[in-house]
Amino acid sequence: LAVSQEPPYLIPFLLASHSCSSGRAPPLDFVEGGDLGCKVDTTVHLGYAAQEKLRSRDTDVLFQKAMAAALRTARPLTLIWGDDEPGPTGEAPPMDVWDMDNSQPLPDKWALTNFFSPLVLPADIFDLRHFQCAGLADLFLHRDAKNVNDADQSAAEPVEPAHPAMQPAPILYSLKVLLMSLKRIPNEFEDESVRRHLLGRFGLALPVHRIAAFVACDM
């Protein structure tokens, strides 16, 4: 994630090759462990969010809660795209059928642009310096704290403290973002072919000029 802290401040995008055998869902397994790895409550699967949106269910809360959890725990807000949807026969296409120069675009409903909203998923997640300077971290944390307080509000009368409470030291909450595709790429990849794959598959779904690609593979 250090790439997002150094010029030109790009957002990491993680893929895996066919040879990657890290576990059940590479490359997700690489970033789930550790004290600062992604967790369920800091992760949004775009395929799931798209299905919920088609069912006219509230998807705003998915992103708002994940954003607040990522800020509170210093873990990355992780946005994940799955493999292709099943075809007419109900089966996903074999991994070795497609080539990286002719990647099929993501389904329109999986596009990140469908969920961009200043109070839900601001486009500033691709410009983290502006996200911080605009005070958006405090905005998401304040909304989350208000929801928790409203849910836990007691009917008991408040008790006046004997002495004013000491103010805690200020905490600077900093957002980290990680993008990920679970569609694995061929083992014989080159930098240029990865670039063409990302443009072909994700070019209409997110601002690809603001990402830095990393490929997990077994050496």
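**View 1. Arg195 and its salt bridge in helix H6 of this predicted model.**
Start with Arg195, which is partly exposed at a relative accessible area of 44%. Its salt-bridge partner is Glu192, and the closest N and O atoms of the pair are 2.6 Å apart. Both residues belong to helix H6, where they sit 3 residues apart, about one turn of the helix. Glu192 is partly exposed too, with a relative accessible area of 35%.

**View 2. Glu192 also meets Arg196.**
Stay with Glu192 and look for Arg196: their side chains form a salt bridge with an N to O distance of 3.5 Å. Why are they separated by about one helical turn? Arg196 and Glu192 are 4 residues apart in helix H6, which accounts for that separation. Arg196 is partly exposed, and its relative accessible area is 34%.

**View 3. The buried face of helix H6.**
Helix H6 covers residues 191-202, and these 12 residues should span 16 Å at 1.5 Å a residue; the end C-alpha atoms are 16 Å apart, in agreement. Ser193, Val194, His197, Leu198, Arg201 and Phe202 are the buried residues here. Seen down the axis of H6, they fall within an arc of 140°, so they line one face of the helix. And what covers them? The cover includes strands S1 (11-16), S3 (77-81), S4 (177-181) and S5 (211-216).

**View 4. An open sheet of 5 strands.**
Follow the strands across the sheet and you will read the order S2-S3-S4-S1-S5, with parallel pairing. At the edges are S2 (43-45) and S5, each pairing on one side only. On average, neighbouring strands of this sheet are turned by 20° against each other, direction ignored.

**View 5. Where S2 joins S3.**
Zoom in on S2 and S3, which run parallel and are joined by 3 bridges. If you would like a pair to find here, take Val44, whose bridge partner in S3 is Leu79. Strands of a sheet pair through backbone hydrogen bonds, either parallel or antiparallel.

**View 6. A salt-bridge network around Glu52.**
The structure holds 5 salt bridges, and this view turns to a network of them that links Glu52, Arg55 and Arg57. Between Arg57 and Glu52, the closest N and O atoms are 3.1 Å apart. Is each partner buried or partly exposed? Glu52 is buried, with a relative accessible area of 9%, whereas Arg57 is partly exposed, with 48%.

Note on methods
Residues numbered from 1 in each chain as written. Predicted model: local features only at pLDDT ≥ 70, side-chain atom pairs only at ≥ 80, totals over all residues. Heavy atoms only, no water. Helix = DSSP H or I, 4+ residues; strand = E, 2+ residues; numbered from the N terminus. Expected span 1.5 Å × (residues − 1). Buried < 20%, exposed > 50% of the residue type's maximum accessible area, 1.4 Å probe, protein only. Arc of directions from axis to C-beta. Contact = heavy atoms within 4.5 Å. Pairing = 2+ DSSP bridges. Axes fitted to C-alpha atoms, helices over the stretch in contact; angles between N-to-C directions. Salt bridge = Lys/Arg side-chain N within 4 Å of Asp/Glu carboxyl O.
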